[in-house]
Amino acid sequence: MQNGFVESFNGRLRDECLNKHQFRSYRHARDIIENWRINFNHYRPHTSLAGLTPREYANRSKEGKNLNRANL
């Protein structure tokens, strides 16, 4: 294991996207992977963000509602 975060992400990408589709072409693969990436980065809740989506977390950060070491 080189980097736990990368290994975890690669496993999710493989399990949730790559293993579920048969790609007809390079373009088809790019489109499906891009759609998965957008969903993962904007709409899918993350346990590391207390169940928030990255978009919700970013909006809370702008409003100063997220706790971090600087707020304590």
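This report describes the helices, the nonpolar core, the aromatic rings, the salt bridges and the surface of a predicted protein model.

Because the model is predicted, local features are reported at a pLDDT of at least 70 and side-chain atom pairs at pLDDT 80 or more, while totals for chains, interfaces and linings use all residues. Residues are numbered from 1 along each chain as its sequence is written, and side-chain values use heavy atoms, with hydrogens and water left out.

**Overall layout**

The protein contains 3 helices and 0 strands, where helices (H or I, at least four residues) and strands (E, at least two) are DSSP runs numbered from the N terminus. Following the sequence from its start, one reads the pattern α-α-α. Of the 72 residues in the protein, 17% are buried; here buried means under 20% relative accessible area, exposed means over 50%, and partly exposed lies in between, with a 1.4 Å probe and protein chains only. Contacts are also counted, a contact being heavy atoms within 4.5 Å, and among those between residues at least 6 apart in sequence, 16% join residues at least 24 apart.

**The nonpolar core**

In soluble globular proteins, nonpolar side chains tend to be buried together. In this model the largest nonpolar core has 5 residues, namely Leu13, Cys17, Ile32, Trp36 and Phe40, and helix α2 gives the most to this core, with 3 residues. A nonpolar core is a set of buried Ala, Val, Leu, Ile, Met, Phe, Trp, Tyr and Cys residues joined through side-chain atoms within 4.5 Å. If residues up to four places away in sequence are not counted, Leu13 touches Leu18 and Trp36.

**Aromatic rings**

The structure holds 3 aromatic pairs, and two rings of Phe, Tyr or Trp (its six-membered ring) pair if their centres lie within 6.5 Å, with planes under 30 degrees apart counted as stacked, over 60 as edge-to-face and the rest as tilted. One of these pairs is formed by Phe9 and Trp36, which is tilted, with 5.7 Å from centre to centre and 55 degrees between the planes. This pair links distant parts of the chain, since Phe9 lies in helix α1 (residues 4-16) and Trp36 in helix α2, 27 residues apart. Phe9 counts as partly exposed because its relative accessibility is 33%, whereas Trp36 counts as buried because its relative accessibility is 11%.

Phe9 also forms an edge-to-face pair with Phe40, at 5.6 Å centre to centre and 70 degrees between the planes. This second pair again links distant parts of the chain, with Phe9 in helix α1 and Phe40 in helix α2, 31 residues apart. Phe40 has a relative accessible area of 11% and is therefore buried. Together, Phe9, Trp36 and Phe40 form one aromatic cluster.

**Salt bridges**

The structure holds 2 salt bridges, a salt bridge being a side-chain nitrogen of Lys or Arg within 4 Å of a carboxyl oxygen of Asp or Glu. The table gives both pairs with their distances.

| Nitrogen side | Oxygen side | N to O distance |
|---|---|---|
| Arg44 | Glu16 | 3.1 Å |
| Arg37 | Glu34 | 2.6 Å |

The pair of Arg44 and Glu16 links distant parts of the chain, with Arg44 in the loop between α2 and α3 and Glu16 in helix α1, 28 residues apart. Arg44 counts as partly exposed at 22% relative accessibility, and Glu16 is partly exposed with a relative accessible area of 28%. Arg37 and Glu34, by comparison, are separated by about one helical turn because they stand 3 residues apart in helix α2. Arg37 is partly exposed at 37% relative accessibility, and Glu34 is partly exposed at 34%.

**The surface**

The accessible surface of the protein comes to about 6100 Å², and 50% of this belongs to carbon and sulfur atoms; such areas come from the Shrake-Rupley method with a 1.4 Å probe, and for residues only the protein chains shown count as cover. Leu18, Phe23 and Ile33 make a nonpolar surface patch of about 200 Å². Patches are made of residues with over 30% relative accessible area and no salt bridge, in which like charges are joined within 9 Å and nonpolar side chains (Val, Leu, Ile, Met, Phe, Trp, Tyr) within 5 Å. Ile33 belongs to helix α2 (residues 26-43), and Ile33 counts as partly exposed because its relative accessibility is 31%.
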